[in-house]
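Work through the exercises below with the structure open beside you, and try each task before reading its solution.

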Amino acid sequence: MAAESLIELRDWLFLLLLCLTLLVEVLEFAAATAAITEAALGEAELQGDVPCPSACRCDDGFIYCNDRGLSIIPPLPLTAAVLYLQNNRIDNAGLPISLEQRMTVQVVYLYDNELDDFPTHLPPSLRELHLQDNNIRTLPRAALSRLPLLEKLHMDDNSISTVSIEDKAFANNPRLRLLFLSRNHLSSIPSGLPSSLEELRLDDNRISTIPTHAFRGLTSLRRLFLDGNLLANQRIADDTFSRLSNLTELSLVRNSLQSPPLNLPSTHLLRLYLQDNAMAHMPRGSLDGMRRLQKLDLSGNNLTTLPRGLFRDLDSISQLLLRGNPWYCGCNLRWLHDWLHVRGSSVTVRGLTCHAPEKVRGRSLRDLTSQMEQCEVDGLGGVEGAKRDKGDFPTDSPTTTTVPLPQGSLFTLRSRRPVHRYPDLGQDSPLGGEGEVTGKTLVISVKPLSPETVHITWQAAQPASAFRLSWLRLGNSPAMGSITETLVPGDRREYLLTQLQPQSSYIICLVPLVVNKGRRASIIGGFNLNTDSEHEHPACARTETVDPQVQPGADQGQDVQGTDELAALPLAGIIGGVTACASLFLIFGIFCWYGHRAGYLAAEDHTGVYGRDAVGPRSGAKHYDDYVESGTIKDTSILEIGTPGFQMTPLAAHQPLQPKAKVEDMTYIHTIFPSNNTTLYRSTLNHTANPGYGTNRGYREGGIPDIDYAYT
C-alpha cells in the first residue's frame with residue numbers, strides 16, 4: 001500500500017515538472033517574439049514606415065492621441081507635424097528619446113498631463129509648445145536651448161516661481177514671440193526675456209513691484225497682461241511703461257491701482273483695460289497723446305467724476321466702458337455730456353449711469369439734456385452755484401462719505417508745469433512739523449499725520465465759493481516738478497492729502513475763489529470761478545513728510561498712549577485667562593474631592609459586605625485593601641466563605657502540600673463550604689431528595705471537586 005502511494009506521488013511530480021518546463025519554453029518564446037517585434041518597430045520607425053498608432057487617429061500630419069489615458073507616447077509616423085497629446089497621464093518618463101528625431105514635428109500639445117519637469121526629448125524643429133496645466137516647477141536653460149526655433153510657449157497653470165527660472169533661460173530662443181506664464185507663483189517680472197517677445201501674459205500671479213528695468217529691451221512687445229496681481233501705484237516706477245513704445249494693448253485688471261500708472265505708452269496704444277481696481281480719480285492728462293486708442297475700460301472702480309479735457313486726444317475711441325462706478329451727474333460732468341453728443345454714434349458708451357444726485361439716480365448721462373441745460377457754460381459751481389440753480393439739479397462737486405475728511409484721491413486732480421514763482425517761505429514755514437502762513441485774510445496750517453498723509457486746515461476772513469488747493473513736491477530743482485491741483489468747496493476748512501512721498505518736501509498753497517465781480521475769470525474743471533485780485537498771491541506753507549519708521553513729534557504722546565493701550569490689551573487677556581483657568585481648576589478640584597468623599601462614605605456604609613463586624617470592632621477593623629494585601633502577599637492564605645460574607649484565614653502549618661512531580665511552584669486550594677448547610681451554588685435541578693447536598697460529601701457526589709491544583 002505504501003509502495004503504491006509512492007509510485008503515484010512520483011508520477012504526479014514528474015507531470016508537474018513537465019508542465020513547468022513547457023511553461024518556461026512558452027515564456028522564452030514570447031520574450032523573443034516581443035524583442036523581435038520591438039526591434040522591427042524601431043527599425044521601421046527609423047525608416048519612416050511606422051503606421052498610425054492603434055490608440056490614436058491620424059489625418060495627414062495631424063496625430064490625435066488626446067484623451068486616451070496614455071502614459072507613454074507611442075511610436076509616431078515620420079510625417080507627423082502636429083501632436084495632440086493633451087488630457088493624458090504622460091509624465092517625463094513617458095517621453096521617448098525617439099521623439100527627438102522627428103524633425104517634422106512643429107506643434108505639440110501636452111497640457112493637462114503629469115509632467116513635473118520641463119520635457120527634454122523634444123524635436124528641435126518645434127515652433128509651438130503647450131505645457132499648461134501640469135506641475136512644472138523650473139524653466140532650465142539647457143532644455144530651452146534645444147528648441148532654437150520655438151516661437152510660442154504656453155506655461156500657464158504650473159508651479160513656476162521667479163527664482164526657478166534660470167538666468168538667461170531664453171538666451172537661445174531668439175524667435176520666441178509669445179510667452180504665457182499666467183497662474184504661476186511669480187513675485188516679479190522675469191528677467192532675461194528675449195527682445196523678440198511680442199506678447200507677454202503674467203496675469204494671476206503675485207507680482208507686487210515693477211522696477212524701472214523690468215521691461216528693458218522689450219521694444220517689440222505689443223501686448224502685456226498683468227491682471228490679478230498685487231500692483232499699486234507706489235510700487236510701479238514712473239517710467240516703467242514708457243519704455244514699451246510699441247505697446248498696443250495693456251491690461252491691468254484686478255489690481256490695487258488708485259489711478260492710472262504714470263507715463264503710459266500713448267503712441268501706438270489701442271486698448272487699455274483698467275477695470276476692477278480702486279481708482280477714485282483720473283488725473284487730467286493721464287490719457288494725453290493716445291490718439292489711436294480705440295477701447296478704454298474703467299469699469300468696477302470708485303470714480304464719481306472725470307476732469308474736463310480727459311478725452312481731448314481720444315480721436316479714435318470707439319468703446320468706452322464705465323460700468324460699476326458711482327457717477328455723480330452734476331454740472332461737473334456737463335463737459336462729458338456735451339462730448340458724448342458731439343461724438344454721437346461713433347463711440348459706444350456702456351455703464352455711464354448716474355448714482356447721484358437722487359433726482360437723476362439710475363438715468364444715463366446722455367439723457368440729462370434738460371438738466372444739463374441749467375448749467376450755463378459761464379455759470380457758477382460749488383455751493384453758490386447750487387443756490388442759484390432754478391431747479392433741484394445740484395451743481396456742487398461730489399463729496400465722499402467713506403472718510404471724515406475729503407481726500408485728494410476722491411477729487412479731480414490735474415498736473416501742470418509751474419507758471420509762477422512761489423513766495424519765499426524761508427521764514428514762515430519751518431522744515432518739517434507744521435507750517436503756517438498768515439496773509440491778509442487767509443491763514444493756512446499744515447500738519448504731517450503719516451509718511452504719506454498731510455492734514456491741511458485754514459481760516460478765511462471772507463467767504464469764498466470754493467478754494468483751489470495746489471501742492472508741489474520739491475526735488476533737487478523746484479522747476480522740474482509739477483503742480484497738482486484740486487477744487488475744495490467753499491464751506492470746508494480742512495483737507496487731507498494722501499498718497500504723498502515719504503521723506504519729501506512739499507509746498508502747499510491755497511487760493512480762495514469768489515463770485516464773479518467783473519474781475520479776471522479762472523475756469524477750473526467746468527466751474528467758472530474767479531480769483532479775487534486781493535488773493536492772486538496764494539497763501540502757501542512748506543512741510544515735509546515724515547520717515548515711515550518715525551512718527552511725527554506732535555503725535556508721539558498719542559502714539560505712546562495708543563501703544564500703552566494696545567499693550568494693556570494682551571495683559572488684560574492674560575490676567576483674565578489665568579483667572580478663568582484658576583476658577584476651572586478650583587471647580588474641578590471641588591468636584592473631585594466631593595466625588596472621592598462620597599465614594600469613601602459609601603464604602604463605610606457597606607461594612608457588612610466585607611465582614612468587618614466579624615473581625616472586630618469598627619475602630620479596629622481592617623480595610624478592604626488589607627484583605628487584598630493579605631491574599632496576595634501571604635501565600636498560605638485561602639478564601640473562606642461564611643454566612644454574611646467572607647474573610648481570609650491562614651492555612652494550618654501542619655497541613656502538608658502535595659505538589660506533583662517536576663513542578664516547582666504550586667498553589668493548593670481547598671474548598672470549604674458553609675457549616676449551616678446553606679447552598680452557594682444553586683442548580684436548576686431539584687436536589688431536595690438528597691439531604692446531603694450542600695455538605696462536603698454532597699458536593700463531592702455532585703461532581704464538584706474538593707481539592708484543586710493551580711500551577712504557577
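Two strands count as paired if DSSP finds at least two bridges between them. The model examined here is a predicted one.

**Exercise 1. Describe how strand β19 is joined to strand β20, and find the residue that stands opposite Pro448.**

Solution. Begin with the limits of the two strands: β19 covers residues 442–450 and β20 covers residues 453–460. Next, count the bridges between β19 and β20, which come to eight, and note that the two strands run antiparallel. Then look at the connection, where two residues lie between β19 and β20, and the two strands form a hairpin. Finally, look across from Pro448, and the residue found opposite, in β20, is Val454.

**Exercise 2. Determine which salt bridges Asp204 forms with Arg183 and Arg254, and which parts of the chain they link.**

Solution. The structure holds 15 salt bridges, and this exercise takes up those of one acidic residue. A salt bridge requires a side-chain nitrogen of Lys or Arg within 4 Å of a carboxyl oxygen of Asp or Glu. For Asp204 and Arg183 the closest N and O atoms are 3.9 Å apart, and the pair forms a salt bridge. This pair links distant parts of the chain, since Asp204 sits in the loop between β8 (199–201) and β9 (223–225), whereas Arg183 sits in the loop between β7 (178–180) and β8, 21 residues apart. For Arg254 and Asp204 the closest N and O atoms are 3.0 Å apart, which is again a salt bridge. Because Arg254 lies in the loop between β10 (249–251) and β11 (271–273) and Asp204 in the loop between β8 and β9, the pair ties together parts that are 50 residues apart in sequence. As a last step, consider accessibility: Asp204 is partly exposed, with a relative accessible area of 26%, while Arg183 is partly exposed at 38% and Arg254 is partly exposed at 38%.

**Exercise 3. Decide whether Arg223 and Glu249 are buried or partly exposed, and place their salt bridge in its network.**

Solution. Start from the contact itself, a salt bridge in which the closest N and O atoms of Arg223 and Glu249 are 2.9 Å apart. Arg223 lies in strand β9 and Glu249 in strand β10, so the pair ties together parts that are 26 residues apart in sequence. Now apply the cut-off, by which a residue under 20% relative accessible area is buried. Glu249, at 6%, is therefore buried, whereas Arg223, at 28%, counts as partly exposed. To finish, follow the shared partners, and salt bridges are found to join Glu199, Arg201, Arg223, Glu249 and Arg271 into one network.

Technical notes: Residues numbered from 1 in each chain as written. Predicted model: local features only at pLDDT ≥ 70, side-chain atom pairs only at ≥ 80, totals over all residues. Heavy atoms only, no water. Helix = DSSP H or I, 4+ residues; strand = E, 2+ residues; numbered from the N terminus. Buried < 20%, exposed > 50% of the residue type's maximum accessible area, 1.4 Å probe, protein only.
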